[in-house]
Amino acid sequence: MTYPTTYRATYRTTYTTELVTDERAFAELAADWGRLYGRCSTATPFQSHAWLHSWWRSYGVRGRLRLLLARDGRELVAAAPLTLVRRPVPSLVPLGGAISDYGDVLLDDERGQDAVAALTEGLSAVARTALIDLREVRPGAAAERVYDHWRGPRRRVADSLCLELPARPMDELTARLPSAKGRQRVRAQLRRLDALGVKSRIVLPDEVDAALRRLLELHRLQWQGRKVTGEHLRTRFRDHLVRAVGPMVRSGDAVVTEFRMDDEVVAVDVTLLARRLAGGYLYGAHPRLRERKADVAVMLLDACAEHTRAPGRDTLSLLRGDEPYKHHWRPEPVPNQRLLMARRHTAPLLSAALCDVAARRRGKELLRHWQVREERKERDGGGRT
């Protein structure tokens with residue numbers, strides 16, 4: 001079902017906006033969506049139609065799809081891919097959920113403020129009873145332009161931390177390391193990979209589905225007996241990844257790499273590609289690699305760095321997460337943002353959401369302090385056995 005409305009911009013241009021709530025209509029948007037995606041320079045693969053539609057099929061809740069579209073005639077010039085959630089407050093949040101590292105809207109670069117105004121007014125119209133809550137917005141994203149244009153109550157808070165490296169070949173990334181010992185270690189690990197006969201190969205489009213299933217099998221194997229992100233082991237995630245990545249490989253938004261040793265596939269990696277960045281999304285590696293003293297992190301970064309050579313691609317993103325091994329490479333911390341927007345009569349929803357943010361942050365701080373205290377007790381011999 002679609003709900004057409006009309007927005008008359010103050011820039012001598014008339015746009016129409018519509019709210020799409022039907023999954024079949026979402027599927028039929030693929031071509032229009034792809035053209036708009038290609039004209040939005042800040043878009044990441046998490047805003048591609050293949051990723052979002054596949055995510056909806058695995059994770060969407062019936063009746064809660066909210067795609068706000070803005071058109072100039074028949075041409076799609078802006079889009080906000082959203083879904084309605086009820087908790088902690090009624091909100092419209094980006095499609096993609098927790099398995100997507102960046103959330104955003106799409107804006108045609110050539111339309112300037114016309115597209116921004118149309119999309120912002122459309123969002124205000126559909127936010128009569130719900131908060132606009134844009135999560136995991138990367139600095140410089142298109143959603144920031146909507147936020148700047150918003151006329152109602154609004155707040156910007158920090159979201160997840162991402163770590164980023166400059167788009168450089170592996171030898172230059174190694175040269176950035178602060179100590180000679182660290183640089184020597186990386187070079188020794190690269191030589192070790194060569195000595196073990198580890199070879200990488202880009203997976204062809206018609207081989208992607210099988211390679212992804214192998215990736216997930218290796219991912220399960222590498223984390224066996226250890227704490228792992230449980231979602232990555234679920235059938236719905238497997239179905240989503242296989243559905244989404246194949247079309248993304250064909251459109252140039254992703255690349256799948258397999259690594260062989262002794263003529264056996266011992267690792268598979270998915271790297272996502274945007275106009276301005278490349279980011280390693282998920283990998284699976286056989287425990288035998290570590291048993292043979294191979295540094296999997298060095299192996300993956302070496303392969304990912306090759307994909308940053310495209311003109312205009314200036315960032316190698318380590319995506320979300322503050323894991324210690326990432327800091328070995330001296331990345332720049334780049335926090336995502338959470339952009340909260342309300343109308344004046346829904347301002348209480350904004351206040352409630354901010355209270356929830358503060359409570360969750362405080363809860364994490366208390367948990368962290370408790371963990372540090374328990375670790376200290378264990379080191380001092382004061383822990384119970």
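These legends accompany three close-up views of a predicted model.

**View 1. Glu258 and its surroundings in strand β10.** Here we look at E258, a residue of strand β10, which spans residues 254-261. E258 has a relative accessibility of 7%, so it counts as buried, the cut-off being under 20%. Its side chain makes a polar contact of 3.1 Å with the side chain of R260. Once neighbours within four places in sequence are set aside, the residues in contact with E258 are K199, S200, R201, V203, V265, A267 and V268.

**View 2. Helix α4 and its buried residues.** Next comes α4, a helix of 14 residues that covers residues 113-126. From first C-alpha to last, α4 reaches 20 Å, close to the 20 Å expected at 1.5 Å a residue. If you follow the helix along its sequence, the buried positions are D114, A115, V116, A117, A118, L119, T120, G122 and L123.

**View 3. Helices α8 and α9 packed together.** Our last view pairs α8 (residues 208-222) with α9 (residues 235-251). Their axes lie 9 Å apart, and the helices pack at an angle of about 140°. That angle makes α8 oblique to α9, and their crossing is right-handed. On the α8 side, the residues that meet α9 are V208, D209, L212, R213 and L216. Their counterparts in α9 are F237, R238, L241, V242, V245, G246 and V249. When tracing either set, it helps to recall that an α-helix has 3.6 residues a turn, so residues three or four places apart point the same way.

Definitions and conventions. Residues are numbered from 1 along each chain as its sequence is written. This is a predicted model: local features need pLDDT of at least 70, side-chain atom pairs count only at pLDDT 80 or more; totals for chains, interfaces and linings use all residues. Side-chain values use heavy atoms; hydrogens and water are left out. Helices (H or I, at least four residues) and strands (E, at least two) are DSSP runs, numbered from the N terminus. Buried means under 20% relative accessible area, exposed over 50%, partly exposed in between (1.4 Å probe, protein chains only). A polar contact is a pair of N or O atoms within 3.5 Å; within protein, one must be able to donate a hydrogen and the other to accept it, and residues adjacent in sequence count only if both atoms are side-chain atoms. Contact means heavy atoms within 4.5 Å. The expected span of a helix is 1.5 Å times one less than its number of residues. Axes are lines fitted to C-alpha atoms, for helices over the stretch in contact, and angles run from 0 to 180 degrees between N-to-C directions. Angles under 35 degrees count as roughly parallel, over 145 as roughly antiparallel, 65 to 115 as roughly perpendicular and the rest as oblique. A crossing is left-handed if the near helix is turned anticlockwise from the far one by less than a right angle, and right-handed if clockwise.
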